[in-house]
Structure formats: structure tokens, C-alpha cells
Amino acid sequence: MQPVPVYLFLTFLKIGATSWGGFMSLISMIQKKVVEKDRILDNARVLEGISLASVLPGPMAVNVVSFVGYQLGGWKGAFISVTAVILPSFVLMLVLSHFYFQYGDVPAMSHFFAGILPAVAAIIINVAISMGRKNISDVSQILISFASCVVVFVSKSYFTTLAVLLVSAWAGYFIYFKRKPSTAPMEPARWKPKISYPALLVLLLAILLVAWPQSNPLASLHRTILLTFSGMSLTQFGGGYVIIPAMQKIIVDGHRWLSDRAFADAIAMGQVTPGPIFISATFIGYKLAGFWGALNATIAIFTPTAILTVIAARFFNRINQSALVIAVFKGLRPAIIGMIVSAGISILWGDGITWFSAAVFAAALGATIYFKTDPALVVPAAGILGLLIL
């Protein structure tokens, strides 16, 4: 077994380089690698991370990565995991941004994605099946999962998703919580703060940037980039696609950093690259201030909520053995599994089902279920198939 920091870096670097298809695709690959293949974390803990990420602001995928990294390696593990998972899409977005501003166009990738998307849908469905076998055990949980899938598929609103989680948590409490008389008073847990050097470094750099003299135009621009993207990170709930209209209002209508066309291209490139769609911030930062602007925007949009997730996880770890919490998660887990199924169906359904997408979906589902093929091989192979056949 590799040392934990090395394992986390290599694992999430690979996941970040191959997780096309958004939040659920990335979660699927985490589940396949960390839970099923390496068996160093269980399904229940991953679902707890998804639950936590669902109610926190910012990019849900990176929040889950931060949670998993923290569970396996503490603050250092969270920092390494988030850095590694973002790095491939950051580098690719830098390259695409350079060519975009050099030549004024985005490479055509429609055939590649016509192959990738049904394969991603198959991987997501496979993960939902695997999680369901281990976390759904009675009729009540089956009904919760089915209702969650239908409601989330029909309504794309974040508030609907939040309502499903709240109702499922209440159902878990109502159905599964059994009060036990306490035999002895519990001593209150005392939290001993520990220094997180990566988080402290980020905080000091942010303070330095904000405090830099106003007379320096470049520092002023970087300060604006930092405050704008960190503000968006901390105020946008519901994952990647929810941030698009808010980002457009701020970037296009407010600061006028991009035209409507350039903004649409930034979002398109966020979908072309693996990893979270929030990586579009890299394109905007590059347009404003080159490499350092891209780095500033990327750190600003991912770091605040990654730190917030770790803080929440530290608190969550202290209460997750409570009978009340266990009951609540018996309602939440099937609801999240239903949401995962809904995400897979939505991706498959998105551009209409064709003979090609149905064939790729069936082949990818068979490969992952029966032959245990690594999704990191299935997804690119499906994309190449799209280029060759379509």
C-alpha cells in the first residue's frame, strides 16, 4: 500500500483526468476506486459525504473529494485530494483558453461527447445499483429511493432537491429512530483545534492580496477576481449548473469581463474538460490576467467551500454514531441513491436516445457490472468510439 498522501494524489489525479459527465460521474469513480476496488472507505461514509456536500454551497464534486480526503488523511489529505482532482481540468482549460484567445474558436467535440455521455450514464447507474444493494434493505427505503428519483428527474430545481433531502431525513427519523433511556450522563465533547498549514497558507495569501495597496492596478484586479469567485463559491447552492445564471449576471452584466458569446464558450469548455463545470472560472481568470489570473480564479472558487466541508466533516464525525443520526441517514441514503439514478437517466435522456447511445450505454453497463472494467478505461473508449463511428 502506498503512503496515504501519495495514494490520494495519484487516485484523485486519475479521477480528475477521466471524470467527464459532471458531479455524479466523479462520485461514481470515487466509489469504484476507493470503496469497491481498494476498500479503504465504505459506501455509507461516501453517502454521508454526498449528503453533506448537497447542503453546502459551492461545487458539490469538489466538496465530496474534500470530505473523502479528510476522512483518509486529515487536513493534508483534503488539500492533496482537492488539488489533484482539479489539476487535470485546470491544465486542459489553460490550454483551451490559450488556443481560444489565439484563434478565436472552440474545438469541435460533439462526436466525442456523443460517445462519452451514455457511458457516463451507465457508470452512474451501475454505482447506484451497487450502493442500493448495500444500503436499501426494506420496503420503506425502496419507496423513498423511487420517489426521490422521480421527483428529482421531473424537477431540476435545487430547492426541490433540498426538500427531498429534508423529507427523507424526516422519514428516516420517523420510521427508524427508537429512543433509548440514557444510563449515565454524557460528558460534553471538547474540540481541540489543530493547525491546518495548507488552509493557513491560503488564508494568509488571501489577506495579503486583499490588503495590497489600492494604487497597484494588477493587485486591484487580482483582489476583485479573488473576492468575486470566492463570493460565488460561498453563495451558490446546488452544484455546477446552478451557478451558470448567477455567474453570467456577475461576469457578463456586472463586471463586463466577457461577452455573452465568450461566456457561453467558457461554459462549453467547462463541459469539454473532465471534472467540475466550475472550472470555467479558469477561462475567465486567464482572459483577465493570464496564468496568474486563472490560478487566482480557480483557487478562489474551489478553496472556500472545500475548507467549509472539512470543518463540517470534523463536526459530523463527532455525531455520526448517534442513534438519531443513524436513523436520519437510513432515510437519506436511499434518497441519494434515487438522485444518483435520476442523474444517470438525465444524462442518457439529455440529447435524446439513439441507437448509438443505447448501444454504448448497454455495452458500458455490461462492462462495469459483469467484467468490473475500470470506468477510467470505459469513458475514454466510448468517446473514441463516438469519433470513429459518428
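This briefing walks through a few local features of the structure above. Please keep in mind that the model is predicted. We start with a nonpolar patch on the surface, to which helix α4 gives the most residues. After that come a buried arginine in helix α13, two loop residues with positive phi, and a quick check on the length of helix α9.

**The nonpolar surface patch**

- Eight names are worth finding on the surface: Val 6, Phe 9, Leu 10, Leu 87, Val 91, Leu 92, Val 95 and Phe 99 together make a nonpolar patch of about 600 Å².
- Two helices, α1 (4-18) and α4 (60-103), each supply at least two residues of this patch.
- The biggest share comes from α4, with 5 residues.
- One of the patch members, Leu 87, sits in helix α4.
- Leu 87 has a relative accessible area of 34%, so it counts as partly exposed; the cut-off for joining a patch is over 30%.

**A buried arginine in α13**

- Arg 333 belongs to helix α13, which covers residues 323-349.
- Its relative accessibility is 15%, and therefore Arg 333 counts as buried, since buried means under 20%.
- Leaving aside residues up to four places away in sequence, Arg 333 touches Ala 44, Leu 47, Glu 48 and Asn 135.

**Two loop residues with positive phi**

- Most residues other than glycine have a negative phi.
- Against that background, Arg 256 has a positive phi, near 55°, and is not a glycine.
- You will find Arg 256 in the loop that links α10 (240-254) and α11 (260-272).
- With a relative accessible area of 68%, Arg 256 is exposed, because that label applies over 50%.
- Lys 372, again not a glycine, has a positive phi of about 55°.
- The loop between α14 (355-370) and α15 (375-389) is where Lys 372 lies.
- Lys 372 reaches 63% relative accessibility, so it counts as exposed.

**Helix α9: length and buried residues**

- Helix α9 runs over residues 217-235, 19 residues in all.
- At 1.5 Å a residue, α9 should span 27 Å, and its end C-alpha atoms are 27 Å apart, so the expected and modelled lengths agree.
- The span is worked out from one less than the number of residues, which is handy if you want to repeat the sum for α9 yourself.
- The buried residues of α9 include the polar or charged names His 222, Arg 223, Thr 228, Ser 230 and Ser 233.
- Also buried in α9 are Ala 219, Ile 225, Leu 226, Phe 229 and Met 232.

Notes. Residues are numbered from 1 along each chain as its sequence is written. This is a predicted model: local features need pLDDT of at least 70, side-chain atom pairs count only at pLDDT 80 or more; totals for chains, interfaces and linings use all residues. Side-chain values use heavy atoms; hydrogens and water are left out. Patches are made of residues with over 30% relative accessible area and no salt bridge: like charges are joined within 9 Å, nonpolar side chains (Val, Leu, Ile, Met, Phe, Trp, Tyr) within 5 Å. Accessible areas come from the Shrake-Rupley method with a 1.4 Å probe; for residues, only the protein chains shown count as cover. A salt bridge is a side-chain nitrogen of Lys or Arg within 4 Å of a carboxyl oxygen of Asp or Glu. Helices (H or I, at least four residues) and strands (E, at least two) are DSSP runs, numbered from the N terminus. Buried means under 20% relative accessible area, exposed over 50%, partly exposed in between (1.4 Å probe, protein chains only). Contact means heavy atoms within 4.5 Å.
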